[in-house]
Amino acid sequence: MAVSLRASRRIPFYSFLSRALSCSSLNFEADIKSTLFFVHNKALPLRPEPKDRNVQWVFLGCPGVGKGTYASRLSNLLGVPHIATGDLVREELNSSGPLASQLKEIVNQGQLVSDEIIINLLSKRLEAGEAKGESGFILDGFPRTIRQAEILEGVTDIDLVVNLKLQEEALLAKCLGRRICSECGGNYNVASIDIKGENGKPGMYMAPLLPPPHCASKLIQRSDDTEVVVKERLRIYNEMSRPVEEFYHQRGKLLEFNLPGGIPESWPKLLEALNLEDYEVKQSAAA
């Protein structure tokens, strides 16, 4: 699949997301059609569309595959905001907001957060970015369901959807090895993954991402990173989120990328798949 950085026009959608949030779940199909009618007929206030904008990409993949890692790197490279719905949920969990207790129960059980909550949090984040003059985005963790994808499709033009894939054995080990520094918030991974190739499948080695000495004694593990919860997350993802891949495949926007290993092995190949290897060289030379 050829990838281009050329931006296309889109309709801003944070105001639409707020409207979609108020839709009745029982009458969603009728409500979404009505809301889209208002959008296309400009009944909602729309800001002027800039002549050129930055990329609007989506990252898909199972929990723990590395969406945040690679989306964040591309965000820094391309100068666009990386918006991770998982981070938005965790920020709300750590707040004293009205959703905190409800979210805690959902996350600890390994369940997917409802569309209404995700859309609410994302809408607020997009509106805040709009106020700061942000252009473009890399979405990480949204959309996760067909309903979310349809909302997004109705109001904005997604340029590319990158679907990261990793062997399930490696996924489980990665999730169980995740650690966070309780002081600085740095993300690390203590798992050393060494999968031998067999039956025609390639082997894989992923070195641990260890913390610096001053963080080593402050590492904590997320309460939901247990084997039972991680396996349940993967089951739910396979059941509910895989259809989203087909949704974008049918629209010619899906780029499948099998991670060959850790960051040293995968990052250069991902840049190559995105036609960005020369872009990184130019950015490095200009720095």
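Select Asn275 to begin: this residue follows helix H11 and has a positive phi, near 60°. The model is a predicted one, so read every value below as computed from predicted coordinates.

**Helix H11**

Step back from Asn275 and select residues 263-273, which make up H11. Show the side chains of Ser266, Trp267, Leu270 and Leu271; these are buried. Turn the view until you look down the axis of H11: the buried residues fall within an arc of 130°, so they line one face of the helix.

**Helix H5**

Next, select residues 100-108, helix H5. Which residues of H5 are buried? They are Ala100, Leu103, Ile106 and Val107. Because their arc around the axis is only 125°, these residues sit on the same side of H5. Rotate to the face turned away from that buried side and colour Ser101, Lys104 and Glu105, which are exposed. To see what the buried residues of H5 pack against, add helix H4 (85-93), H6 and H10 to the selection. Just past the end of H5, click on Gly110, where phi is positive at about 75°.

**Arg233 in helix H10**

Keep Gly110 displayed and select Arg233, since the two residues touch. Arg233 belongs to helix H10, residues 227-250. Is Arg233 buried or exposed? Its relative accessible area is 11%, so Arg233 counts as buried. Leaving aside residues up to four places away in sequence, Arg233 also touches Pro63, Cys175, Arg178, Arg222, Asp224 and Asp225.

**Helices H6 and H7**

Now select residues 115-131 for H6 and residues 146-155 for H7. The two axes come within 10 Å, and they cross at roughly 35°. The crossing of H6 past H7 is right-handed. Display side chains on both helices: on the H6 side the contact is made by Asp115, Glu116, Ile118 and Ile119, and on the H7 side by Arg147, Gln148 and Ile151. Coloured by residue class, this contact divides into three nonpolar residues, one polar and three charged.

**Whole chain**

Finally, clear the selection and show the full chain as a cartoon. The chain has 12 helices and 10 strands. Of its 287 residues, 45% count as buried. Switch to a surface representation: the chain exposes about 14900 Å², with carbon and sulfur atoms supplying 51% of that area. For a contact map, take the contacts with a separation of 6 or more; residues 24 or more positions apart account for 74% of them.

Note on methods. Residues are numbered from 1 along each chain as its sequence is written. This is a predicted model: local features need pLDDT of at least 70, side-chain atom pairs count only at pLDDT 80 or more; totals for chains, interfaces and linings use all residues. Side-chain values use heavy atoms; hydrogens and water are left out. Axes are lines fitted to C-alpha atoms, for helices over the stretch in contact, and angles run from 0 to 180 degrees between N-to-C directions. Helices (H or I, at least four residues) and strands (E, at least two) are DSSP runs, numbered from the N terminus. A crossing is left-handed if the near helix is turned anticlockwise from the far one by less than a right angle, and right-handed if clockwise. Contact means heavy atoms within 4.5 Å. Ala, Val, Leu, Ile, Met, Phe, Trp, Tyr, Cys and Pro count as nonpolar, Asp, Glu, Lys and Arg as charged, and the others, Gly among them, as polar. Buried means under 20% relative accessible area, exposed over 50%, partly exposed in between (1.4 Å probe, protein chains only). The arc is that of the directions from the helix axis to the C-beta atoms. Accessible areas come from the Shrake-Rupley method with a 1.4 Å probe; for residues, only the protein chains shown count as cover.
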